[in-house]
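Morning, everyone. I have one chain to show today, and I will go from its core to its pockets and then to a couple of single residues. Please look at the picture first.

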Amino acid sequence: MATWFVLTLGALGLWGVWGFLAKLGSDNLTAKSAATMQGMGVAAVAFAVLGFMRFKPDWDTGGTPAAFFAGVALMAGIIAFVFALSHGGKASIVVPMTAMYPVVTIGLSVAILKEQITPTTGLGIVFALIAVFLLSR
């Protein structure tokens, strides 16, 4: 099995656990406290992994701002996610709806990076949007 595929399954499983644990946390903490604890968890893993790898940053590349703002978007999304759960959102609805984020990625990739979508990808987007509509009812 290809390494990327195993890692993808790992991410899938971990993000599924994340959604479940985020709901548990938001049921017992304020949204601000839950978001803070998740941020601390993100930082703990980042420091542990990077320290283990004896990380030496390559700040001189053009990807540094994009990578930084990817982290900003990630944490801001986590905060919005936690607040959604803390303000009455059901995990069974909030988690699948937020998992539609690839539709945003595809849209930005087509608009800014000039990537092409296939008919199959387009159909997938349509089905994803239908799923969001059905889940929100």
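Before the core, a term: a nonpolar core is a set of buried Ala, Val, Leu, Ile, Met, Phe, Trp, Tyr and Cys residues joined through side-chain atoms within 4.5 Å. Buried, in turn, means under 20% relative accessible area. Keep in mind that what you see is a predicted model.

With that in hand, which residues make up the largest nonpolar core? There are 9 residues in this core: A22, A31, A34, A35, I78, F81, V82, L85 and V94. Two elements, α2 and α3, give two or more residues to this core. The largest share, 4 residues, comes from α3. As background, nonpolar side chains in soluble globular proteins tend to be buried together.

Take one member of the core, A34. Leaving aside residues up to four places away in sequence, A34 touches G25, S26, L29 and V82. Among these partners, V82 is listed in the core as well.

Now the chain as a whole. The secondary structure comes to 6 helices and 0 strands, and along the sequence the pattern reads α-α-α-α-α-α. The C-alpha trace spans about 45 × 45 × 30 Å along its principal axes. The chain has 137 residues, and 13% of these count as buried. Its accessible surface is about 10200 Å², with 76% of that belonging to carbon and sulfur atoms. Of the contacts with a separation of 6 or more, 67% are between residues 24 or more positions apart.

Next, the pockets. The largest pocket has a volume of about 1200 Å³. How many residues line the largest pocket, and which lie nearest its centre? The lining has 29 residues, and W15, W18, Q38, L74 and I78 are the ones nearest the centre. You have met I78 already, in the list for the core. Two or more lining residues come from each of α1 (3-28), α2 (31-52), α3 (64-86), α4 (91-98) and α5 (101-112). The largest share, 10 residues, comes from α1. By type, the lining divides into 22 nonpolar, 7 polar and no charged residues.

The second largest pocket has a volume of about 360 Å³. It is lined by 15 residues, with L50, F55, W59, A67 and F68 nearest the centre of this pocket. Here α2 and α3 each supply at least two lining residues. This lining divides into 11 nonpolar, 3 polar and 1 charged.

Last, two residues from further along the chain. S109 sits in helix α5. Is S109 buried or exposed? Its relative accessible area is 12%, and the cut-off for buried is under 20%, so S109 is buried. Not counting residues up to four places away in sequence, S109 touches K114 and E115.

L113 lies in the loop between α5 and α6 (119-135). Its relative accessibility is 56%; exposed means over 50%, and therefore L113 counts as exposed. How far apart are the C-alpha atoms of L113 and T8? These two residues are 105 residues apart along the chain, and their C-alpha atoms are separated by 23 Å.

To recap the two single residues: S109 is buried, whereas L113 is exposed. That is all I have.

Key
Residues numbered from 1 in each chain as written. Predicted model: local features only at pLDDT ≥ 70, side-chain atom pairs only at ≥ 80, totals over all residues. Heavy atoms only, no water. 1 Å grid on protein atoms, 1.4 Å probe; cavity = no way out; pocket = protein on both sides within 12 Å on 5 of 7 lines; lining within 4 Å. Points joined across faces, edges and corners; volume = space filled by probe spheres on them. Nonpolar A, V, L, I, M, F, W, Y, C, P; charged D, E, K, R; others polar. Buried < 20%, exposed > 50% of the residue type's maximum accessible area, 1.4 Å probe, protein only. Contact = heavy atoms within 4.5 Å. Areas by Shrake-Rupley, 256 points an atom, 1.4 Å probe, with all protein chains shown as cover.
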